[in-house]
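Hi everyone, thanks for coming. I'd like to walk you through a few spots in one structure, so let me put it on the screen.

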Amino acid sequence: MAGSEVHIVRRGLACLAVLLSLLLSGVHAQAAGFLGIPNSIDGYPTNVGLLILGHSTSAQGQYPAKLVAAMNDASNAADGRHYLAFPAITGGDGGLLWSIVSVGPADLRYDRATASAGVGESPSPQWCQDGAGQRWSCRRSKLEHVLTGTFPIPATGSCADVTVTNSCRAAAQMACTWYDRTLPMDQNPVTQSLSPFDCWSRMDYRIALVQDTTNRSWPVDDFTADGAVDDLDLWPASRIQRARALPCGGTGGVVGGLVDWTCDGVLTPADAAYRSYASWLLGLATDLLDPGRYGAAALDFVFFGHKPVEMGQCNLWPAAEIPTCLSGPHAIRTPEQIAATPDRPYDHYYLPTVFWERRGLEQLFADPALDPRIRPATRDNVLAMWDRSALCYAQGLVEGDWRIPAAVPGRPGPVEADDVENDGGPNPSADIAGCMVADHVHHNDAGGWMMADVWFAGLEADLRTGLFMDGFESGDTSSWSQTVP
């Protein structure tokens, strides 16, 4: 049996197990879809918590709220579940810092946790060091706060800084809306102000939606510039933004100018950037699914999606193109320039390290033994978010590009390209034209809908139609109005 067939069988068995457990428990399951999540339980809409993880990009344009609005809208009546977003978004770098809560001096990752900005280096620090020398991940601590109700970082050392409290904790309260089956239907849904942890406990099913990218300090990129990210693409030490993060386990952490990620003194395929990134994501997902770690708060499924396009870091382009890149984000590359950089195969100065994030996702999902509860956001094309974002940037969107029904309040129709906007000066239009705001990294209202739309279409494949879905629901982008290289 081929690896892909084994994976399909494993997914099918997992789905069957969920459905059997529902039947044996006497739960009335309707239109469960491939994930086995029923539309209703005992006649009440099923409460589904969506744990939103990602960078500041995910907070811009309010994509989580837009996604939930679309999934709960009356036009999506064939679904019938009740969805609620639990944002655990943290600005700045990600990658490694999702997979660890804290590291002590004996941990090989002790220095490497400092690759991102710490207390005193950013108003949104990524790590701090307590009075005992333990280094803590801000983004993972916020996640722990949501799932356990307890903030793990002690208020000692640099961890006592006010910026840690301001940016590393989950919100104290949130508006929690759910269907309470102990009350008559006419008294539902219930809305109360609760802590995220208390609200999370009201959910019947729990799904994580992770829209990540690797650290700027630990980028996944085609370092060999041959057009593919593979085992030859080891991290050049010169590309690591903070040299203090290179040592590991008492060694220099560098062999022949390349980062020895495994700290064993030799360079092997295990040190390849995309393999490390995939391992970080796997570590995060494995933890989230573990009831031994989180008890009843553990996740039922974890979905990973690609990040939309970004601009910036012109130093990653050939020297002759850097002045053009710096002159303005709307600069267009010539066909000759595109042909000369197969590792950057697009006509705008998009950030290539975000593009190559896909290799980590492909590596993660290539494992036929992967837990079937760990899933791609867009099953047939991990670059679907990139493709839609690039399409909006360069050419705009037309009505036929949307998967969220037009009846959902606020959903845009046609969207102009970002290339036609006025970024600043007299009559700036970046907030209302295209999908990005003037910084060409974060997203405006239409950009929030664009991100929600890609997630909506991808999730529909598993939530409603199951294994046999059409190209529309699988994440296939071939039906979109234009093709962007």
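One definition before we start: a residue is called buried when its relative accessible area is under 20%, and exposed when that value is over 50%. Please also keep in mind that this is a predicted model.

Let's begin with helix α14, residues 384-394. How many of its residues are buried? The count is 11 of 11, so by the under 20% cut-off this helix is mostly covered. Reading along, you meet Ala384, Met385, Trp386, Asp387, Arg388, Ser389, Ala390, Leu391, Cys392, Tyr393 and Ala394. Just after α14 comes glycine 396, with a positive phi of about 85 degrees.

Met385 also brings us to our next stop, since it is among the residues that glutamine 211 touches. You'll find glutamine 211 in strand β10, which covers residues 205-211. Is glutamine 211 buried or exposed? It has a relative accessible area of 1%, so it is buried. Its contacts beyond four places away in sequence include Leu53, His55, Tyr63, His306, Lys307 and Met451. Trp455 is another of those contacts, and here the side chains of glutamine 211 and tryptophan 455 are joined by a polar contact of 2.8 Å.

Last stop: asparagine 315, in the loop between β13 (301-305) and α10 (322-327). With a relative accessible area of 57%, asparagine 315 is exposed, because that value is over 50%. And where does cysteine 325 sit relative to it? The two are 10 residues apart along the chain, and their C-alpha atoms are separated by 8.9 Å.

Methods: Residues numbered from 1 in each chain as written. Predicted model: local features only at pLDDT ≥ 70, side-chain atom pairs only at ≥ 80, totals over all residues. Heavy atoms only, no water. Buried < 20%, exposed > 50% of the residue type's maximum accessible area, 1.4 Å probe, protein only. Helix = DSSP H or I, 4+ residues; strand = E, 2+ residues; numbered from the N terminus. Polar contact = N/O pair within 3.5 Å; in protein donor to acceptor, adjacent residues only side chain to side chain. Contact = heavy atoms within 4.5 Å.
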